[in-house]
Amino acid sequence: MPQKTLLLVTVGSPPTALVNALQEPLMTHMGVSAVVSRTALSSPAYAFNKDRGQYHCNAIMRRLGTVLEDAPQGLVMGVTDADLFVPDSPFVFGEADRESKVAVMSLFRLRQGAEGEALRRRVQVEAVHQAGHLIGLSYCEDSRCVMFFPQAPQDIDRKQLGPCNVCRNELNRLNR
């Protein structure tokens with residue numbers, strides 16, 4: 001099976017160094033070749049919900065879907081500083097839609113209580129998590145697995161950068 005390519009697209013102005021730091025762990029742990037797109041999307045004002053003071057994931061993901069024309073055989077992940085939400089949740093770190101091959105992740109909540117290396121690791125863990133969903137992995141019950149559903153930044157701190165054995169076996173099955 002040919003290796004999947006994940007196009008990383010900045011949405012707004014996330015730090016370039018953090019976006020570039022995603023390439024190696026995505027290859028190592030999910031087997032996807034991550035490429036930072038030269039195409040950047042501006043701040044997602046179109047997705048802002050003034051009642052919540054947050055940005056709706058689905059609106060951003062629809063806009064990211066238009067970038068897929070540059071990578072029709074691949075996947076797209078937006079990286080943003082915007083505070084994201086979906087209607088049934090107070091916030092999300094990110095969201096992925098396997099069918100449309102599009103994901104988005106936010107640095108906003110990951111920054112809480114972290115900077116430097118700790119922030120870089122959180123961002124990498126969340127990117128690997130969202131890429132796992134794009135590839136076909138579901139949530140995992142093992143709180144140390146990268147595919148565990150985090151509800152606070154501290155949950156991400158406890159997670160490994162890669163999948164547990166059960167999820168790794170599933171990933172190998174999906175990649176056959």
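Buried residues account for 50% of the 176 residues in the protein, as computed from a predicted model. The accessible surface amounts to about 8,700 Å², and carbon and sulfur atoms contribute 48% of that surface.

The protein contains six helices and eight strands. Read from the N terminus, these elements follow the order β-α-α-β-β-β-α-β-β-β-β-α-α-α. The radius of gyration of the protein is 15 Å, close to the 16 Å given by the globule rule for 176 residues, and the protein is therefore as compact as a globular protein of that length. Along the principal axes, the C-alpha atoms occupy a box of roughly 45 × 35 × 30 Å. Among the contacts with a separation of 6 or more, 67% join residues that are 24 or more positions apart. With respect to charge, 19 positive and 18 negative side chains are present, and a distance of 3 Å separates the centres of the two sets.

Helix α3 spans residues 57-65. Its buried residues are Cys57, Ala59, Ile60, Met61 and Leu64. An α-helix has 3.6 residues a turn, so residues three or four places apart point the same way. The buried residues of α3 pack against several strands, namely β1 (5-11), β4 (54-56), β5 (75-80), β6 (84-85), β7 (94-97) and β8.

Two residues in loops that adjoin strand β8 were examined individually. Lys101 is located in the loop between β7 and β8. The phi angle of Lys101 is near 65°, a positive value in a residue other than glycine. Most residues other than glycine have a negative phi. Lys101 counts as partly exposed because its relative accessibility is 31%, a value between the limits of 20% and 50%.

Arg109 belongs to the loop between β8 (102-106) and α4 (116-135). The relative accessibility of Arg109 is 19%, and this residue therefore counts as buried, the cut-off being under 20%. When residues up to four places away in sequence are left aside, Arg109 touches Gln54, Asp83, Pro90, Phe91, Phe93, Arg122 and Pro153. One of these contacts, Gln54, lies in β4 (54-56), a strand against which the buried residues of α3 also pack. Another, Arg122, lies within α4 (116-135), the helix that follows the loop of Arg109.

How values were computed:
Residues are numbered from 1 along each chain as its sequence is written. This is a predicted model: local features need pLDDT of at least 70, side-chain atom pairs count only at pLDDT 80 or more; totals for chains, interfaces and linings use all residues. Side-chain values use heavy atoms; hydrogens and water are left out. Helices (H or I, at least four residues) and strands (E, at least two) are DSSP runs, numbered from the N terminus. Buried means under 20% relative accessible area, exposed over 50%, partly exposed in between (1.4 Å probe, protein chains only). Contact means heavy atoms within 4.5 Å. The radius of gyration is taken over C-alpha atoms; the globule rule is 2.2 Å times the number of residues to the power 0.38. Accessible areas come from the Shrake-Rupley method with a 1.4 Å probe; for residues, only the protein chains shown count as cover. Lys and Arg count as positive and Asp and Glu as negative; His and the chain ends are not counted. The place of a charge is taken as NZ of Lys, CZ of Arg, CG of Asp or CD of Glu.
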